[in-house]
Amino acid sequence: MGSCCQYDSTICFLENMLTAAPVSQGISKPHLDVEGGLRLSGEITVSGAKNSALVLMTAALLTQEAVNLENVPDLSDIEGMRKILTSLGVRVNRTNNSLTLKADKLFHCQPSYELVNGLRASFFCIGPLLSRLGKAQIPLPGGCRIGARPVDEHIKGLKALGALVNVEHGVVSAAMRGTNQRLKGNYLLLDCPSVGATETVLMAAVLAEGKTVIDNAAQEPEVQDLAQLLNTMGARIVGAGTKTISIEGVEKLHGCNYRVIPDRIEAGTFLVAAAITRSKLKVSPVVPEHLSAVLQKLKDTGCKLEIHNESITISPESIHAVDITTQPFPGFPTDLQAPFMALLCTAKGTSVVTEKVYENRMQHVAELQRMGAAIRIQGNTALIEGVPQLSAAPVVGSDLRAAAAMVLAGLAAKGTTRIEGLNHLDRGYEALEKKLNNVGTHIIRRAN
Ligand code: UD1
């Protein structure tokens with residue numbers, strides 16, 4: 001997967017310097033103060049999956065009727081998507097953790113660059129807009145700290161369904177060919193099992209004429225969640241969750257009520273929070289099969305797990321080193337690589353962590369080293385020698401999961417760790433410090 005992309009190490013080095021600068025220069029920024037050394041206990045609640053909710057919101061563009069999504073987390077990324085959809089004409093209402101989206105009067109097929117910039121998931125609008133309005137113009141979401149993140153596979157998929165697609169001046173323009181009102185089903189083999197590309201093609205194919213088959217499709221639970229929502233809206237999709245997905249196009253979709261799956265990455269983060277503080281904790285709701293690779297690695301470290309239908313109770317004792325290689329689902333998720341590395345910094349022995357999905361997802365290493373971790377890095381592989389005790393230091397979370405890793409390391413460190421980069425953290429963890437404080441931590445958010 002990582003080989004799909006190019007890596008510009010100079011840009012990433014400069015980004016690191018810019019990110020790290022405020023702490024070293026003493027300029028105050030919003031941050032968390034995390035007190036280390038406290039034990040957790042009790043039960044912690046997992047919110048709805050951010051990555052599912054984002055794509056399910058765009059699926060509402062496919063019908064004029066209201067789509068009601070339950071269990072939508074309150075996060076800055078969700079708010080960003082709400083703004084994008086509203087700018088296209090969708091009416092979006094939030095009541096507690098439910099979102100109702102009604103796309104009966106779409107008046108725009110091009111969200112602005114200002115709204116799209118920084119929210120990669122905005123690209124998901126392209127398939128539904130193309131099907132509903134016959135055209136879509138989406139500014140390229142651009143790269144990010146963890147890698148270049150191209151959209152070539154999304155574009156290849158839309159072209160396979162008969163769309164005309166152009167990339168010019170930083171905007172991807174897609175349109176129906178000639179007088180065609182609908183896309184045409186086709187066979188498509190993805191070069192890499194991209195989650196986003198699979199989701200884009202799914203949403204474009206549900207209203208196409210005839211049958212589409214996606215081979216080498218992503219099998220992630222979020223893809224299954226999208227297919228299930230679309231089927232509830234009247235689509236005919238089989239095989240989601242396997243490498244081959246078949247879609248029989250239908251003429252129209254309708255509204256529905258749908259509940260978003262629990263966030264497997266947030267659940268995994270909480271399991272690691274328990275492991276790193278050597279605390280017993282119950283995490284729920286979860287779908288244990290969504291976390292199989294993570295649960296296996298936790299067992300390999302020596303943690304005891306009680307797995308029920310919707311909850312997991314973890315009882316860590318001493319933590320042993322394990323090796324990890326990130327892979328597309330059902331492999332170990334790249335989004336838990338940084339959090340798990342924080343745990344391995346405190347394990348007995350030497351662990352090897354290899355990142356295979358993104359080409360630049362090791363930026364948390366430098367910050368963990370500031371906290372006393374013994375890590376050597378070579379390309380996308382980190383060699384981690386467990387240390388008996390991490391020590392608090394001012395650190396910066398350079399992306400969403402790196403920021404979570406800093407919180408976890410802070411929970412295990414001696415002293416109070418100051419963590420900047422909350423804009424990243426708030427993209428993907430709903431009320432993180434409140435949830436953790438409810439089970440025994442002492443984390444304070446400070447405005448500066
Ligand atoms: C989604 C998740 C993200 C997670 C990732 C992998 C959302 C909103 N985000 O991102 O949290 O880390 O899955 O599990 O759901 N690639 C290409 N060309 C493409 C598309 C992807 O080369 O057209 C490459 C990417 O650069 C990357 C790899 O494929 O190296 C995986 O990307 P992909 O599975 O598409 O991730 P996202 O859908 O962007």
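**Strand and helix packing in the predicted model**

Strand β20 spans residues 381–385 and has two unlike faces: Ala-382 and Ile-384 lie on the covered face, while Thr-381, Leu-383 and Glu-385 lie on the uncovered one. These assignments, like those that follow, come from a predicted model. Strand β20 has pairing partners in β18 and β19. Strand β18, residues 350–354, pairs with β20 in the antiparallel sense, over five bridges. Within this pairing, Val-353 stands opposite Ala-382. Strand β19, residues 374–378, also runs antiparallel to β20, and five bridges join the two. Here Ile-377 has Ala-382 as its bridge partner. Ala-382 thus appears in both pairings, opposite Val-353 of β18 and bridged to Ile-377 of β19. The β19–β20 connection is a hairpin with two residues between the strands. In that turn, Gly-379 adopts a positive phi of about 60°.

A separate element is an open sheet of four strands. The strand order is β21-β22-β1-β23, and the pairing is mixed. The edges are formed by β21 (394–396) and β23 (443–446), each of which pairs on one side only. On average, neighbouring strands of the sheet are turned by 25° against each other, direction ignored. Strand β1 covers residues 31–35 and pairs with β23 over four bridges, in the antiparallel sense. One residue pair in this ladder is Val-34 with its bridge partner Ile-443 in β23. Helix α13, residues 400–412, packs on the sheet. The helix touches β1, β21, β22 (416–420) and β23. The direction of α13 makes about 30° with that of β1.

Helix packing was examined next. Two packed helices are described by the angle between their axes and the distance between the axes. For helix α9 (residues 264–276) and helix α11 (residues 337–344), the angle is about 5° and the axes are 9 Å apart. The angle is under 35 degrees, so α9 is roughly parallel to α11. From α9, the contact is made by Thr-269, Val-272, Ala-275 and Ile-276. From α11, Pro-339, Phe-340, Ala-342 and Leu-343 take part. By class, seven of the contact residues are nonpolar and one is polar; none is charged.

Helix α10, residues 292–301, has Val-294, Leu-295, Leu-298 and Thr-301 as its buried residues. Viewed down the axis of α10, these residues fall within an arc of 115°, so they line one face of the helix. They pack against α9 and α11, and also against strands β15 (304–307) and β16 (312–315). Helices α9 and α11, which pack on each other, are therefore both contacted by the buried residues of the face that α10 presents. Gly-302 follows α10 and has a positive phi, near 115°.

Pro-111 provides a loop example. The residue sits between β5 (98–102) and α4 (113–116). Its relative accessible area is 1%, so Pro-111 is buried. Apart from neighbours within four places in sequence, Pro-111 is in contact with Ile-84, Ser-87, Leu-88, Val-116, Gln-137, Ile-138 and Pro-139. Pro-139 lies 28 residues from Pro-111 in sequence, yet the C-alpha to C-alpha separation is 7.5 Å.

Notes. Residues numbered from 1 in each chain as written. Predicted model: local features only at pLDDT ≥ 70, side-chain atom pairs only at ≥ 80, totals over all residues. Heavy atoms only, no water. Pairing = 2+ DSSP bridges. Axes fitted to C-alpha atoms, helices over the stretch in contact; angles between N-to-C directions. Contact = heavy atoms within 4.5 Å. Parallel < 35°, antiparallel > 145°, perpendicular 65-115°, else oblique. Nonpolar A, V, L, I, M, F, W, Y, C, P; charged D, E, K, R; others polar. Buried < 20%, exposed > 50% of the residue type's maximum accessible area, 1.4 Å probe, protein only. Arc of directions from axis to C-beta.
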